[in-house]
Amino acid sequence: MQLVLSPPDGLKNWILFANELAGDENYVAHEPSYLRCPDSERWEVDRIIREEAEAAGIKPHIFNQCQWQGTTGWEFWTANTVAILAVATRVAERLGVPCDTSALSA
C-alpha cells in the first residue's frame with residue numbers, strides 16, 4: 001500500500017490517496033463490492049480515514065471521491081491544512097506505512 005497526499009489541481013481539493021491496495025482485484029467502483037473482495041485493504045483504510053477525520057473535527061468535510069480498483073482517495077473539503085496533515089499522519093501511523101506529504105510543505 002502507498003499513501004500520498006495530493007495537492008489541489010484546480011478541479012479537486014487536497015486528496016489522501018491509498019494506492020496499490022492488496023486484495024482489491026475484484027473491486028468495482030460504485031457497486032456493493034465487499035463480498036467480491038472482503039480481504040481488500042480498502043475497507044480498513046476507509047474506516048481509519050473516517051475515524052481520523054472525525055478525531056480532527058473535519059469528518060463532515062471529507063468525501064470518498066476517488067474509487068477504482070487498487071485505489072481509494074478521500075478529498076478534503078476544507079482549507080485547514082493543519083487538520084489535513086494531522087489526518088494523513090495518523091492514518092499512516094495506524095496503517096504502519098509512510099505517507100508522502102511533501103506536496104503540503106511545497
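1. A nonpolar core, as meant here, is a set of buried Ala, Val, Leu, Ile, Met, Phe, Trp, Tyr and Cys residues joined through side-chain atoms within 4.5 Å. Keep in mind that we're looking at a predicted model. The largest such core in it has 24 residues. Leu-3, Leu-5, Leu-16, Ile-49, Phe-76, Val-91 and Leu-95 are the ones with the most contacts inside it.

2. Where does this core come from? Strand 1 (2-6), strand 2, helix 1, strand 4 (71-76) and helix 2 each put in at least two residues. Helix 2 gives the largest share, with seven residues.

3. On to the helix pair. The axes of helix 1 (residues 42-55) and helix 2 (residues 81-95) come within 9 Å, crossing at roughly 135°. Angles over 145 degrees would count as roughly antiparallel and 65 to 115 as roughly perpendicular, so helix 1 and helix 2 end up oblique to each other. Their crossing is right-handed.

4. Which residues make the contact between helix 1 and helix 2? From helix 1 you get Glu-44, Val-45, Arg-47, Ile-48, Ile-49, Glu-51, Glu-52 and Ala-53, and from helix 2 Val-87, Arg-90, Val-91, Arg-94 and Leu-95. Sorted by type, the residues of this contact are seven nonpolar and six charged, with no polar ones.

5. Val-91 is worth a click, being one of the residues with the most contacts inside the core and also part of the helix 1 and helix 2 contact. Leaving aside residues up to four places away in sequence, Val-91 touches Leu-3, Leu-16, Ile-48, Ile-49 and Glu-52.

6. Is Glu-52, in helix 1, buried or exposed? Its relative accessible area is 9%, and buried means under 20%, so Glu-52 counts as buried. Beyond residues up to four places away in sequence, Glu-52 touches Val-87, Arg-90, Val-91 and Arg-94. Those four residues also appear on the helix 2 side of the helix contact.

7. Last, have a look at Leu-21, in the loop between strand 2 (15-19) and helix 1. With a relative accessible area of 6%, Leu-21 is buried. Again not counting residues up to four places away in sequence, Leu-21 touches Met-1, Glu-41, Arg-42, Val-45, Gly-70, Thr-71 and Thr-72. One of these, Val-45, is also on the helix 1 side of the contact with helix 2. As for Leu-3, which sits 18 residues from Leu-21 along the chain, the two C-alpha atoms are separated by 10.0 Å.

Methods: Residues are numbered from 1 along each chain as its sequence is written. This is a predicted model: local features need pLDDT of at least 70, side-chain atom pairs count only at pLDDT 80 or more; totals for chains, interfaces and linings use all residues. Side-chain values use heavy atoms; hydrogens and water are left out. Axes are lines fitted to C-alpha atoms, for helices over the stretch in contact, and angles run from 0 to 180 degrees between N-to-C directions. Angles under 35 degrees count as roughly parallel, over 145 as roughly antiparallel, 65 to 115 as roughly perpendicular and the rest as oblique. A crossing is left-handed if the near helix is turned anticlockwise from the far one by less than a right angle, and right-handed if clockwise. Contact means heavy atoms within 4.5 Å. Ala, Val, Leu, Ile, Met, Phe, Trp, Tyr, Cys and Pro count as nonpolar, Asp, Glu, Lys and Arg as charged, and the others, Gly among them, as polar. Buried means under 20% relative accessible area, exposed over 50%, partly exposed in between (1.4 Å probe, protein chains only).
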